Amino acid sequence: SVMKRIQRLRLEEVTPFSGVVGRSGAAKTDWHILCVDGDAAGLQQLHQAVGTLPESVPIGSVHQAGSLQEARCLVEVEPVDLIICEFRVQDGDFLDLVRWRSFDGDSVPVLVVSEMSDGATVANALHAGAADYIPRSALITPAFLQAISRCLQRAELSNMLRKSHEHMHSL
């Protein structure tokens, strides 16, 4: 099936965090992650999953938001490199967050987590702008680490491209 092929490909990808660099081009020393889930138990599960990441993933801070509104407020005042968001929360869904981040011009990736893991849901989420998608059942697995790695690598590449364009236009 498509989902089994995606999972197999994810497990065959490069070692997580090999080559992830910060905005300066040097190895990133700390990552700032925002977990968003309207359910307190779900939010705790996301936070715990981030806590299981190996020491090779230097976490600077982990913030929690119980709603999209709270997430927006946190992003305005705290540095955020990655948003891990439940598919649906009380005041909207991850799409609202993706649209808001796109409108804001920032390239902070949104990793979607959900109990739903059918191929159509995953494909729709990725097509809509999610940086990656992982079933909640895979939170404490190598697939979770690899998904985070892909999201942060894409964000860094996107930021470098944006800065290159800005520099080119300033010439």
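In the predicted model, Tyr 133 has a relative accessibility of 1% and therefore counts as buried, the cut-off being under 20%. Phe 87, at 11% relative accessibility, is likewise classed as buried because this value falls under 20%. The two residues form an aromatic pair of the edge-to-face kind, with 6.5 Å from centre to centre and 70° between the planes. This pair joins distant parts of the chain: Phe 87 lies in the loop between β3 and β4 (88–89), Tyr 133 belongs to strand β7, and 46 residues separate them.

Two aromatic pairs are present in the structure. In the pair made by Phe 87 and Phe 94, the ring centres are 5.1 Å apart and the planes stand at 55°, so this pair is tilted. Phe 87 and Phe 94 are both buried. Together with Tyr 133, Phe 87 and Phe 94 make up one aromatic cluster.

Strand β7, which carries Tyr 133, is part of an open sheet of five strands with parallel pairing, ordered β2-β1-β3-β6-β7. The edges are occupied by β2 (59–65) and β7 (132–135); each has a single partner strand, so one side of each is left without a neighbour in the sheet. From one strand to the next, the twist averages 20°.

Strands of a sheet pair through backbone hydrogen bonds, in either a parallel or an antiparallel arrangement. Within the present sheet, β1 (residues 31–36) and β3 (residues 82–86) are paired in the parallel sense over four bridges, and Val 36 has Cys 85 of β3 as its bridge partner. Four bridges also join β3 to β6, again in the parallel sense; here the partner of Glu 86 is Val 113 in β6. The parallel pairing of β6 with β7 likewise runs over four bridges, with Ser 114 bridged to Pro 135 of β7.

Burial along β6 (110–114) was examined residue by residue. Five of the five residues of this strand are buried. In a regular strand, side chains alternate between the two faces of the sheet. Both faces of β6 are covered, with Val 110, Val 112 and Ser 114 buried on one side and Leu 111 and Val 113 buried on the other. The connection from β6 to β7 includes helix α5 (residues 119–128), and the three elements make a right-handed β-α-β unit.

Two further helices were considered for their contacts with the sheet. Helix α2 (residues 40–51) lies across β1, β2, β3 and β6, and runs at about 155° to β1. Helix α3 (residues 68–77) also packs on the sheet, where it touches β1, β2 and β3, and its direction makes about 145° with that of β2.

In α3, the buried residues are Leu 68, Ala 71, Leu 74 and Val 75. Viewed down the helix axis, these residues fall within an arc of 120°, so they line one face of α3. Glu 76 and Val 77, on the other side of α3, are exposed.

Notes:
Residues are numbered from 1 along each chain as its sequence is written. This is a predicted model: local features need pLDDT of at least 70, side-chain atom pairs count only at pLDDT 80 or more; totals for chains, interfaces and linings use all residues. Side-chain values use heavy atoms; hydrogens and water are left out. Two strands pair if DSSP finds at least two bridges between them. Helices (H or I, at least four residues) and strands (E, at least two) are DSSP runs, numbered from the N terminus. Axes are lines fitted to C-alpha atoms, for helices over the stretch in contact, and angles run from 0 to 180 degrees between N-to-C directions. Contact means heavy atoms within 4.5 Å. Buried means under 20% relative accessible area, exposed over 50%, partly exposed in between (1.4 Å probe, protein chains only). The arc is that of the directions from the helix axis to the C-beta atoms. A crossover is right-handed if, with the strands pointing away from the viewer, the path from the first strand over the helix to the second runs clockwise. Rings of Phe, Tyr and Trp (its six-membered ring) pair if their centres lie within 6.5 Å; planes under 30 degrees apart count as stacked, over 60 as edge-to-face and the rest as tilted.
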